[in-house]
6 protein chains.
Amino acid sequence: MIYITRRETFNAAHRLFKPQWDDEKNLQVFGKCSNPNWHGHNYVLYVSVKGEVDPETGFLVNLKQLSQAIKTEVLEKLDHKNINLEVDFMKNTIPSTENLAIAIWNQLQEPVKQLGAQLHCIKISETENNFAEYYG
Amino acid sequence: MIYITRRETFNAAHRLFKPQWDDEKNLQVFGKCSNPNWHGHNYVLYVSVKGEVDPETGFLVNLKQLSQAIKTEVLEKLDHKNINLEVDFMKNTIPSTENLAIAIWNQLQEPVKQLGAQLHCIKISETENNFAEYYG
Amino acid sequence: MIYITRRETFNAAHRLFKPQWDDEKNLQVFGKCSNPNWHGHNYVLYVSVKGEVDPETGFLVNLKQLSQAIKTEVLEKLDHKNINLEVDFMKNTIPSTENLAIAIWNQLQEPVKQLGAQLHCIKISETENNFAEYYG
Amino acid sequence: MIYITRRETFNAAHRLFKPQWDDEKNLQVFGKCSNPNWHGHNYVLYVSVKGEVDPETGFLVNLKQLSQAIKTEVLEKLDHKNINLEVDFMKNTIPSTENLAIAIWNQLQEPVKQLGAQLHCIKISETENNFAEYYG
Amino acid sequence: MIYITRRETFNAAHRLFKPQWDDEKNLQVFGKCSNPNWHGHNYVLYVSVKGEVDPETGFLVNLKQLSQAIKTEVLEKLDHKNINLEVDFMKNTIPSTENLAIAIWNQLQEPVKQLGAQLHCIKISETENNFAEYYG
Amino acid sequence: MIYITRRETFNAAHRLFKPQWDDEKNLQVFGKCSNPNWHGHNYVLYVSVKGEVDPETGFLVNLKQLSQAIKTEVLEKLDHKNINLEVDFMKNTIPSTENLAIAIWNQLQEPVKQLGAQLHCIKISETENNFAEYYG
């Protein structure tokens, strides 16, 4: 079993916000991350897949194809977007780093399988001081 | 003459947008950076000051005081904010990296003087692949 | 199960030194890390916790509270200190990176539980070329 | 059980190339990585070992000895070399990141055992955007 | 006057080698960097340009156009190539970091002018421990 | 004129402390950096030299020789040392980042001249958030 990881980046706006709560309650729980006028991040995404090395190519998976799958399923939907308003797979979800990791996992699990590998871990860093990891 | 630099970070939302143009023209010039629903960045700010070392302390400037000035004049106004909508010193200014560097220079030139040093350079990085520098 | 990690930094002095050995034996085993006049590092600490996402907040744990716990239990005791002389939870312990990781785990296991999560990993890097990890 | 990791770097030339295929087929599968005139990388290698802390020294393993073993078994054979042509332990192996990780594992498993620890993971990064991990 | 910098990366093989010298003399002067079978690097390139901010756009220069110029004039000729054998603008030049910086300057000076800016600095890093800068 | 920079690292203990002041005054001016039991840092040093490229070698200066000069004149005196107590060229000097930059300049100016280049800049970073630069 070998593991290979592709690093990608995207920039997006978001707001930690629960529609069932008023602004005051949101502010109390989420602090300045709940600013109604949004803020944003340079997210760094690490997609790790696992499986066996193909003796024909020496590859677990062709990284260009993996990168293309991440582009189609994740980056084109998130990059330069507002995560609360514009991202179909984050609808009705508080855009915390934790929830982003889980939602990106769901986006990529099937496409990675079609490349002949298994999704192992989604790691996403929101700032240089925090990141979430999800292993399914 | 010695130079000392303090590194700070802030997260903000913005949109490259010229109000005199319609959305189509904005899109044509600014591309996805003009998304009406905003996007955002983890900005990294480097404030460089110059002057002579105080033989009493070995310091050009007390970095805690410099950091406090940056906090008051820049970070509290930009961090977790929408640069287009909420930042007084960026009003009527397209929030490009270049314009941010110049505006932050204007915010800090006087406070740095009051600490007994001269502002030398504002460097601000928007993503890991681009940054602007302004020397006044 | 989701994992979230908080990165913190601190600066400290230390000396690899076993009081039962004389200076010569210490030097032989620990090399220049045993310098009697101390040396020091910018330590980087990664505290990883695990658990389930709270559907109310989208958080596994509130990172501000986690950061506060790390500050109280670890950073205020280690930052700008001499690890051999001044840190209660490192008393009678050789301040190797390995032992630091284990001791910081012991400091944080209970406070993390009180935040509703489980401590998963303490990773601590002493220089850019080495780090230790402890999983309990 | 504690884990400790040593980071090392080396620079090498390589070419993704399968001798049983002609240049056209190699180009089709490996793209520009198959350039017959070679290209190269600054590889970053992380060697992680595991075991128990020796109460005598506070060490899992003496990092200088680990670093020396990596130097002898891996770096002196790879650094400033052509991986396809000059590295005995990569003979008849396509020099993908995956295969490099596995081959370096095989080089280090026994020497790490002789230092009183167990090899845990070989992580090798080819560019800032991809890395492979092998756990045996 | 404002300065803006674009960071790009490329991977290439090279050999420090002077054809007028035999292998022994090359080895004596250039050490292992003269390996006849090549070695390689992940180069990091910083292209800095200067000029005035266009009040229409807030830009000194459109970074997408700058990035495109770097791609056409530099990256497509260097990325995944052998610098000694395949790069027209490095012909008959020892591929030291210094000479690369100067040659890339010559490639970009005119194209940057056509974008309405002035080339200010080419900085190129060969490893994490060394880089060259050229200001024309 | 070309510029080339070598990056080196060292770890040391220090204390911001003026012997003419009592501990209380030191604490008031220098804060926790004045801890009588010391603290320490992983310093990162960038030595930049300038001059013309030697057409014989393509080098401004042989980086191995530059690195050796830095090792002899700076690293062997600072690495794993107590800057206040053990470093001859920092005697009677408050070990601020500013003063370190100036003192390292004085150590290296002559040796760099003997390598056929001119010292251009000493940049030294004490933490990831601050650095000093000295140009003579």
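Two strands count as paired if DSSP finds at least two bridges between them. That rule comes in handy further on, where a strand of one chain lines up with a strand of another. The structure looked at here is a predicted model.

A single chain makes a good starting point. Chain A contains four helices and five strands. Read from the N terminus, its elements come in the order β-α-β-α-β-α-α-β-β. Put a box around the C-alpha atoms of chain A, lined up with the principal axes, and it comes out at roughly 60 × 25 × 25 Å. For a look inside the chain, take A:Y46, a residue of strand β2 (residues 39-51) of chain A. A:Y46 sits 38 residues away from A:E8 in sequence, yet the C-alpha atoms of the two are 6.5 Å apart in space. Setting aside neighbours within four places in sequence, the residues in contact with A:Y46 include A:T5, A:R6 and A:R7, along with A:C121, A:I122 and A:K123. The list also reaches into another chain, since D:F131 is in contact with A:Y46 too.

Next come chains A and B. Turning chain B by 180°, with 0.0 Å of shift along the axis, lays it on chain A with an RMSD of 0.0 Å. The two copies are therefore related as by a two-fold rotation axis. Both copies use the same surface, with 100% of the contact residues of chain B recurring in chain A. In numbers, 23 residues of chain B meet 23 residues of chain A. About 1800 Å² is buried between chain B and chain A, and carbon and sulfur atoms give 44% of that area. Three residues stand out on the chain B side: B:N37, B:N42 and B:H80 supply 32% of the area that chain B buries against chain A, more than any other three residues.

What holds charges and polar groups together across this boundary? There are four salt bridges between chain B and chain A. One pairing is that of A:E128 with B:R7, a salt bridge whose closest N and O atoms are 2.6 Å apart. Polar contacts link 19 residue pairs across the interface of chain B and chain A, counting pairs with both residues at pLDDT 80 or more. On the side of chain B that touches chain A, the elements giving two or more residues are β1 (2-14), β2 (39-51), β3 (81-82), α3 (83-86) and β4 (118-127) of chain B. Of these, β1(B) gives the most, with five residues. Sorted by class, that side of chain B has five nonpolar, eleven polar and seven charged residues.

Chains C and D tell their own story. A turn of 120° and a shift of 0.0 Å along the axis put chain D on chain C, with an RMSD of 0.0 Å. These two copies are thus related as by a three-fold rotation axis. Here 19 residues of chain D are in contact with 20 residues of chain C. The area buried between chain D and chain C is about 1600 Å², with carbon and sulfur atoms giving 55%. Zero salt bridges turn up across the interface of chain D and chain C. Polar contacts do turn up, in six residue pairs with both members at pLDDT 80 or more. On the side of chain D that touches chain C, β1 (2-14) and α2 (63-78) of chain D are the elements that give two or more residues. The largest share, six residues, comes from β1(D). By class, this side of chain D holds eleven nonpolar, four polar and four charged residues.

This is also where the strand pairing appears. Strand β5 (residues 130-134) of chain C pairs with β1(D) in the antiparallel sense, over five bridges. Within that pairing, C:A132 has D:I4 in β1(D) as its bridge partner.

Some chains do not touch. Chain B and chain D share no contact, and their closest C-alpha atoms lie 12 Å apart. No contact joins chain A and chain F either, with closest C-alpha atoms again 12 Å apart.

Across all chains, the whole structure has 31 salt bridges. One example within a chain is C:K77 with C:D88, where the closest N and O atoms are 3.3 Å apart. C:K77 belongs to helix α2 (residues 63-78) of chain C and C:D88 to the loop between α3 (83-86) and α4 (97-114) of chain C, so the pair ties together parts that are eleven residues apart in sequence.

Technical notes
Residues are numbered from 1 along each chain as its sequence is written. Chains are lettered from A and ligands numbered from 1 in the order in which they are written. This is a predicted model: local features need pLDDT of at least 70, side-chain atom pairs count only at pLDDT 80 or more; totals for chains, interfaces and linings use all residues. Side-chain values use heavy atoms; hydrogens and water are left out. Contact means heavy atoms within 4.5 Å. Copies are superposed by least squares on the C-alpha atoms of residues with pLDDT of at least 70 in both. Buried area is the accessible area (1.4 Å probe) that two parts lose on being put together, summed over both. A salt bridge is a side-chain nitrogen of Lys or Arg within 4 Å of a carboxyl oxygen of Asp or Glu. A polar contact is a pair of N or O atoms within 3.5 Å; within protein, one must be able to donate a hydrogen and the other to accept it, and residues adjacent in sequence count only if both atoms are side-chain atoms. Ala, Val, Leu, Ile, Met, Phe, Trp, Tyr, Cys and Pro count as nonpolar, Asp, Glu, Lys and Arg as charged, and the others, Gly among them, as polar.
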